[in-house]
Structure formats: structure tokens, C-alpha cells
Number of protein chains: 2
Amino acid sequence: MTRAPHTAQPVFVLVRPQMGENIGAAARGMWNFGLERMRVVSPRDGWPNERAVALASGAGRLLDHAGLYGDLPAAIADCTYVFATTARSRGITVPILTPERAMAQARAILVNGGRVAVLFGPERSGLDNADIARANAVISVPVNPDFPSLNLAQCVLLCAYEFRRLADTTPPEVLDMAGTDFANLAEITALGDHLEEKLEQAGFFFPADKAQRMKRNLRQIWSRLPLTQADVRTLHGAFRQIARWAETKRADE
Amino acid sequence: MTRAPHTAQPVFVLVRPQMGENIGAAARGMWNFGLERMRVVSPRDGWPNERAVALASGAGRLLDHAGLYGDLPAAIADCTYVFATTARSRGITVPILTPERAMAQARAILVNGGRVAVLFGPERSGLDNADIARANAVISVPVNPDFPSLNLAQCVLLCAYEFRRLADTTPPEVLDMAGTDFANLAEITALGDHLEEKLEQAGFFFPADKAQRMKRNLRQIWSRLPLTQADVRTLHGAFRQIARWAETKRADE
């Protein structure tokens, strides 16, 4: 994941957060995905908060630079679009978005020069209706209806993760070649020849009328496996050693 | 989010997990997204684990039903495809997938009758190379290179979230109408007429040569806003009351 420019980020606002542990964990969740703009509104235990700093550990810098506000309007005054995270419907007319859709919208707003805030409520009760009334839209994480409660840090983590995922240039799948290359068809064929030769000696292709099909099935195993040159060398060595051992045993008899 | 059938799920395997708090939190993270198949390999503090049960809280059922194994091979013996979560490259040839891609593959494998395991390592050191050598592929969460450490519960949460997200039928955006409907154009026009009438009385459209453009700008505000019938009623009431108040004041003068 490449480092994102500071300005093209949403600001995450913790509204009346309660426990320092959760604030610290929220900072970690943000910084795990390169988000660093935190604001805190009326934290229950004051500010700075030692427990938060302790739990934030390597993400402590976010707390050092977090904006501290006495109320929510002050914390979002400079923002042009506000998302409020909540679990339950509030009986107000408002768009309800998945984190994925919300962060895609956030990105579009940021690209166009807007300033985005995402609100997270106090651990016990969540955002109240007065808070949500100040938001343009609500984010609701699609959770198990039988167990819907996400804590503050988890909610922050998921939103931060989604924000990054949408712009992340990490390929979905990369093959770590660990210093080797894939074997080519000549090498695969030679491996197939080697095993076939040893198995022939060992009397494996029996009875004769099944021999051709057995050989073909074996060959096809090597075709299906994404063998590397290192794999091929290893397997050659294994077949040779087994044959050597068999010849030694036969010599002993 | 609809309830998923039990069988079409990956099994999450905690390999040599250390602290009960983390095991409990992992259970919560799984059950938040409807995943309930947990296995535990050689937990450091034995099993069952009181701290795990306490932290799992509403997700305790997962611990009750978790399979307990003495080693990793036993825990994955019945699986046909194994993902190992890890932060760092291990110098072996293996596909490295984002959680998104891995869970998409997991789903495809499950749909085709395969059995999928996702491995999570001990909190301090993660999975070792012997563990990873038993996996078909590695999952690496695309984190901030300056702060890459995710804890066990966070990693479990993200994988569980991704597994559900890909199949979730929750619409990305839903508008909570809260018992009202959108106002139609006749209602919007009537609102525009009402405000224009009151502003005309108040002498707002001045000077005369700018009046038409000002009126048009105002109308266009109402066009851009997704007003509901409830909104329109509220605004009508607001304009009426302001006008009534102005007339009262003028009467006083």
C-alpha cells in the first residue's frame, strides 16, 4: 500500500468517547490503514488521556495531533459532507450506506475538493439523534442481525479499511516466487520422463492394457501443478534417491 | 444481512493462540458477520478458557462449539483449501492474496463443495513457516507499511467482514423514508411559489433587473434538494410563521 497524501483523507470524529482503551484502539485502526486525521468531541475522561496513549502505542501520533472540540458542530464546521456511523434506524429520512459505498462517496467528494467527516459515537449508546441529524448520510455495517454490536475500534477499523481498499493498488493476487521461476514445458516433460522411467523399472504400469492411461494420468498431474524450477529439481532428486535406495535393497537381497 | 447456512462457511483456525481476551474478541469478530465455525490448535492457556468466554460475551456459543486440536495437521485434515494469514513474506513460493480476493476464492470453493480453512497465528509471532507451508495460499491485508501490525481479532474481523461483504444482499444505499414520501414537482413548485410570495412582500428581489435571476436561483435550490412531503410541510409552516411574525411587528410599529 502506498502512502497517501495527508489532505485526501476523511477526518474521523470520535463523539463523546468514553474509555481511553477504545480511543487508543481507534487510533491504531486508523493508522493501520494510513488514516491520521482524528478529532475528539468532549471525551468523557478528558484530554490527553493516558490510557489512550498507552493503547495507541505506535499510533500515538494521531492522538498528539487530534483536534479537541467541545461540541459536535465545532468539530465538523469546516466539513462539507458528514457520515454518521450507526447500527439502528432512527426514524429520520436519511440515506443509509454500506461502509463500501460510503467510502467510495467519500473518496469522490475528497477528489473534488470537499472535506469529509465520519462520526463515531460513544461506546455505550452510539450517536444520538441530535448528532445524526447533522449528518448527510448514515453508515451501517451489514452485520449479523443476531449479533450486531460492533465496538468503536472495530467500526473505525472497518471504515478505514474500506477507504483504503477502494484506492489500494495492491494486486488482488501476487505470486511470491521466492527467487525461482516457473519450470517450462521441457523441464516438466523431463520430470515426467524421469518418474515414468523409475516407475517402469519398479513395475508400476501393470497390467499392460492400463499402462498407457496410467502414464497419461501421471503426466497430467505435472501439467496441472504450477511447478517451479526449484520444485522440479527437488522432485528429480527425490526420484533418484528412491531409485538408488531400491537398487541398494535389491542388491542386499 | 440474511442468515447464512452453516455449511457454506470457512472454518477459522486459531493456531496456538495466547490470550483469552483475543480468542474471545476473535469469536465476536466472527459472529458479528455470521461466521461460527472456529477451531483452536494448542491454545497456550488451555481450554476452555474463562477469559475467552468472558470477552466473547454474546458470541460464546462459538467457543462452546469450537474444535480443539493438538496440532495444525489434525485441525485441517478435512479441508481441501487452506489460507494462512500473515503480514510478512516468508521466502516460499506461494500466492499472496488480499482478503477480498481470498474470500472470493473461498466462496467459490465452498460453492463447489470444498472445505476452506483460514489460519490465524499466535499474537506475538504470527504463523511460523511450518504452518504456512501447509497452506495453499497466503492472505496479506494491505496495511500501512509504517504501521502494519494488526492484532488477531482485527485480522479475524476483516476476513469475516470480507467473506460476508461479497455475498451480502444489503443494497449499498438505501433511503430511510421514515414514513414519508418524496414531494412531487407540484408540491415543490407550490413551496417555491410560497417562499417567492413572502420574499416579494419582504422586498427581497431587489434591484428589479436582478429579480428574475434571484427567483430562478431560489427555485433551483428546491429542485436540487431531495425534499420529502414532510419537509415541504415543515417549510411551508416556517415561511408562514415568519410572515406572520413580520406582519405582527409591522403592525406594532
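Before anything else, a word on terms: I call a residue buried when its relative accessible area is under 20%, exposed when that value is over 50%, and partly exposed in between. By that reckoning A:Asp78, at 33% relative accessibility, counts as partly exposed. Please keep in mind throughout that what you see above is a predicted model.

Let me stay with A:Asp78 for a moment, since its side chain meets that of A:Arg39 in a salt bridge, with 2.9 Å from N to O. The two residues are 39 apart in the chain, A:Arg39 sitting in strand β2 of chain A, residues 38-41, and A:Asp78 in the loop between α4 and β4 of that chain. A:Arg39, for its part, has a relative accessible area of 9% and is therefore buried.

Chain B offers two further pairs that I would like to set beside this one. The side chains of B:Arg16 and B:Asp131 form a salt bridge at 2.8 Å, N to O, and this pair links parts of the chain that are 115 residues apart, namely the loop between β1 and α1, which holds B:Arg16, and helix α6, residues 129-132, which holds B:Asp131. B:Arg16 is partly exposed at 28% relative accessibility, whereas B:Asp131, at 5%, is buried. The other pair is B:Arg61 with B:Glu36, again a salt bridge with 2.8 Å between N and O; B:Arg61 belongs to helix α3 and B:Glu36 to the loop between α1 and β2, so the bridge ties together parts that lie 25 residues apart in sequence. Here B:Arg61 is partly exposed, at 39%, and B:Glu36 is buried, at 17%.

What does A:Asp131 touch in chain A, leaving aside residues up to four places away in sequence? The contacts are A:Val15, A:Arg16, A:Leu72 and A:Leu119. A:Asp131 lies in helix α6 of chain A and is buried, with a relative accessibility of 5%. Its side chain makes a polar contact of 2.8 Å with the side chain of A:Arg16, and a polar atom of that A:Asp131 side chain also lies 2.8 Å from the backbone nitrogen of A:Asp128.

Turning now to the interface, 53 residues of chain B are in contact with 53 residues of chain A, and the two chains bury about 4,400 Å² between them, of which 54% is on carbon and sulfur atoms. Across this interface there are 6 salt bridges, and one that I can point to is B:Glu173 with A:Arg101, where the closest N and O atoms are 3.5 Å apart. On the side of chain B that touches chain A, the elements giving two or more residues are α1, β5, α5, α7 and β8 of chain B, with α7(B) giving the most, at 6 residues. By class, that side has 27 nonpolar, 15 polar and 11 charged residues.

The strands also meet across the chains. Strand β5 of chain A is joined to β8(B) by 4 bridges and runs antiparallel to it, A:Val94 having B:Asp176 as its bridge partner. Likewise, strand β8 of chain A pairs with β5(B) in the antiparallel sense over 4 bridges, and there A:Glu173 stands opposite B:Leu97. Within chain B, β5(B) pairs with strand β7 in the parallel sense over 2 bridges, one partnership being that of B:Ile96 with B:Val138.

I will finish with charge: A:Glu100, A:Glu162, A:Arg165, B:Glu100, B:Glu162 and B:Arg165 are linked in a network of salt bridges.

How values were computed. Residues are numbered from 1 along each chain as its sequence is written. Chains are lettered from A and ligands numbered from 1 in the order in which they are written. This is a predicted model: local features need pLDDT of at least 70, side-chain atom pairs count only at pLDDT 80 or more; totals for chains, interfaces and linings use all residues. Side-chain values use heavy atoms; hydrogens and water are left out. Contact means heavy atoms within 4.5 Å. Buried area is the accessible area (1.4 Å probe) that two parts lose on being put together, summed over both. A salt bridge is a side-chain nitrogen of Lys or Arg within 4 Å of a carboxyl oxygen of Asp or Glu. Ala, Val, Leu, Ile, Met, Phe, Trp, Tyr, Cys and Pro count as nonpolar, Asp, Glu, Lys and Arg as charged, and the others, Gly among them, as polar. Two strands pair if DSSP finds at least two bridges between them. Buried means under 20% relative accessible area, exposed over 50%, partly exposed in between (1.4 Å probe, protein chains only). A polar contact is a pair of N or O atoms within 3.5 Å; within protein, one must be able to donate a hydrogen and the other to accept it, and residues adjacent in sequence count only if both atoms are side-chain atoms.
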